Amino acid sequence: MDSGNGWDESAEAWIADMGETGDFSRRYVLDAPMLDRIRGRGFQNALDVGCGEGRFSRMMSELGVTTTGIDPTARLIETARTRHPQGDYLEAQAEALPFPDASFDLVVSYLTLIDIDDSDTAIAEMARVLRPGGTLLIANLNSFSTAGSWQGDGDSARGYLIDNYLEPRAEWVSWRGILIRNWHRPLGAYMQPLLAQGLRLAHFDEPAAQGGEPARITRYNRAPYHHIMEWTKP
């Protein structure tokens, strides 16, 4: 059934765009600091919420973490299973995770909260399946970024204009054959439900780009559009 958010129609273009190395944001901004928060910390099993075609699930598995990936898009789950036959991939919704309480010592949401209509319920579900003492690791778009746009083109852009920041809204975004619906929410709309679950913020970062084309690094670092948060469950 069509979810209405564009993912079913965009799945093939997404798979082609990600490949094995990911896009600019993943390859040059987020992958390294995300893996640094996982590597060598003794995590036994992880849940990758919104795993897509399974790229980051495979990266966690290579670190020795037994990983389960869930995603609501059937074509993406099919690809994840094909590329990682020994993995565990399920077609499921973040708002209704099909696992008992306290099932995982690591839950990862890697650029998925912006795709979820009911992010409050999804956050509650992630906290529910996390074991006491476990870690919820989130990479997300900066809220100032989803509320704004560049003024001007390329190196001549005058700056980044933010408007209607406090108004949550779903907007269609398109690039390289992908057309999906993303959510803008103010940062508080993510922080408040995380705090309401009794989680504690242990780490926050807005990593700079560490590779890629120089012009793209400069543009990204002028108005970085990603952050990483690590929350712990007491």
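**Exercise 1. Salt bridges**

How many salt bridges does the structure hold, and which parts does the pair Arg 75 and Glu 12 tie together?

*Solution.* Start with the total: this predicted model holds 14 salt bridges. Now pick out Arg 75, which pairs with Glu 12, their closest N and O atoms being 2.4 Å apart. Next, place the partners: Arg 75 sits in helix 4 and Glu 12 in helix 1, so the pair ties together parts that are 63 residues apart in sequence.

How covered are the two side chains? Check them against the cut-offs: under 20% relative accessible area is buried, over 50% is exposed, and partly exposed is in between. Arg 75 has 29%, so it is partly exposed. Glu 12 has 45%, so it is partly exposed too.

**Exercise 2. Two further pairs**

Where do Asp 117 and Arg 181 lie, and where do Glu 125 and Arg 128 lie?

*Solution.* Take Asp 117 to begin with. Asp 117 forms a salt bridge with Arg 181, and 2.8 Å separates the closest N and O atoms. This pair links distant parts of the chain: Asp 117 is in the loop between strand 4 and helix 5, while Arg 181 is in strand 9 (residues 178-184), 64 residues apart. On accessibility, Asp 117 has 43% and counts as partly exposed, whereas Arg 181 has 18% and counts as buried.

Now for Glu 125. Glu 125 bridges to Arg 128, with the closest N and O atoms 2.7 Å apart. Both residues lie in helix 5, three residues apart, or about one turn of the helix. Glu 125 is buried at 13% relative accessible area, but Arg 128 is partly exposed at 23%. One last item on salt bridges: those that share partners join Glu 12, Arg 75 and Glu 78 into one network.

**Exercise 3. Helix 1 against helix 4**

At what angle do helix 1 and helix 4 pack, and which residues meet?

*Solution.* Get the geometry down: helix 1 (residues 7-18) and helix 4 pack at about 35°, and their axes are 9 Å apart. Then list who meets whom. Helix 1 brings Trp 7, Ala 11, Glu 12, Trp 14 and Ile 15, and these meet Arg 75, Leu 76, Thr 79 and Arg 83 of helix 4. Sorted by class, the contact has five nonpolar, one polar and three charged residues. Glu 12 and Arg 75 are both on that list, and they are the salt-bridge pair from Exercise 1.

**Exercise 4. Helix 3 and its cover**

How many of the residues of helix 3 are buried, and what covers them?

*Solution.* Six of the eight residues of helix 3 (residues 55-62) are buried, leaving the helix mostly covered. They are Arg 55, Phe 56, Ser 57, Arg 58, Met 59 and Met 60. The cover includes helix 2 (24-36), strand 1 (45-49), strand 2 (66-71), helix 4 (74-83), strand 3 (88-91) and strand 4 (104-110).

Zoom in on one arginine: Arg 58 has a relative accessible area of 9%, so it is buried. Beyond residues up to four places away in sequence, Arg 58 touches Glu 20, Glu 53, Arg 83, His 84 and Tyr 89. Finish at the end of the helix: just after helix 3, Gly 64 takes a positive phi of about 90°.

**Exercise 5. The nonpolar cores**

Which residues have the most contacts inside the largest nonpolar core, and which element gives the largest share?

*Solution.* The largest core has 27 residues, and those with the most contacts inside it are Leu 47, Val 107, Leu 136, Leu 194 and Trp 231. At least two residues each come from strand 1, strand 4, helix 5, strand 5 (130-141), helix 7 (188-196) and strand 11 (226-232). Helix 5 gives the largest share, five residues.

Now look around Trp 231. Leaving out residues up to four places away in sequence, its contacts include Leu 136, Ile 138, Met 191, Leu 194 and Leu 201. There's also a second, separate core of 21 residues, and Met 60 is one of its members, along with Leu 35, Ala 209 and Tyr 220.

**Exercise 6. Ala 122**

Is Ala 122 buried or exposed, and what is it in contact with?

*Solution.* Ala 122 is found in helix 5 (residues 119-129). Its relative accessibility is 0%, so it counts as buried. Setting aside neighbours within four places in sequence, Ala 122 is in contact with Ala 94, Glu 95 and Ile 116.

Technical notes
Residues numbered from 1 in each chain as written. Predicted model: local features only at pLDDT ≥ 70, side-chain atom pairs only at ≥ 80, totals over all residues. Heavy atoms only, no water. Buried < 20%, exposed > 50% of the residue type's maximum accessible area, 1.4 Å probe, protein only. Helix = DSSP H or I, 4+ residues; strand = E, 2+ residues; numbered from the N terminus. Contact = heavy atoms within 4.5 Å. Axes fitted to C-alpha atoms, helices over the stretch in contact; angles between N-to-C directions. Nonpolar A, V, L, I, M, F, W, Y, C, P; charged D, E, K, R; others polar. Salt bridge = Lys/Arg side-chain N within 4 Å of Asp/Glu carboxyl O. Core = buried A, V, L, I, M, F, W, Y, C linked by side-chain atoms within 4.5 Å.
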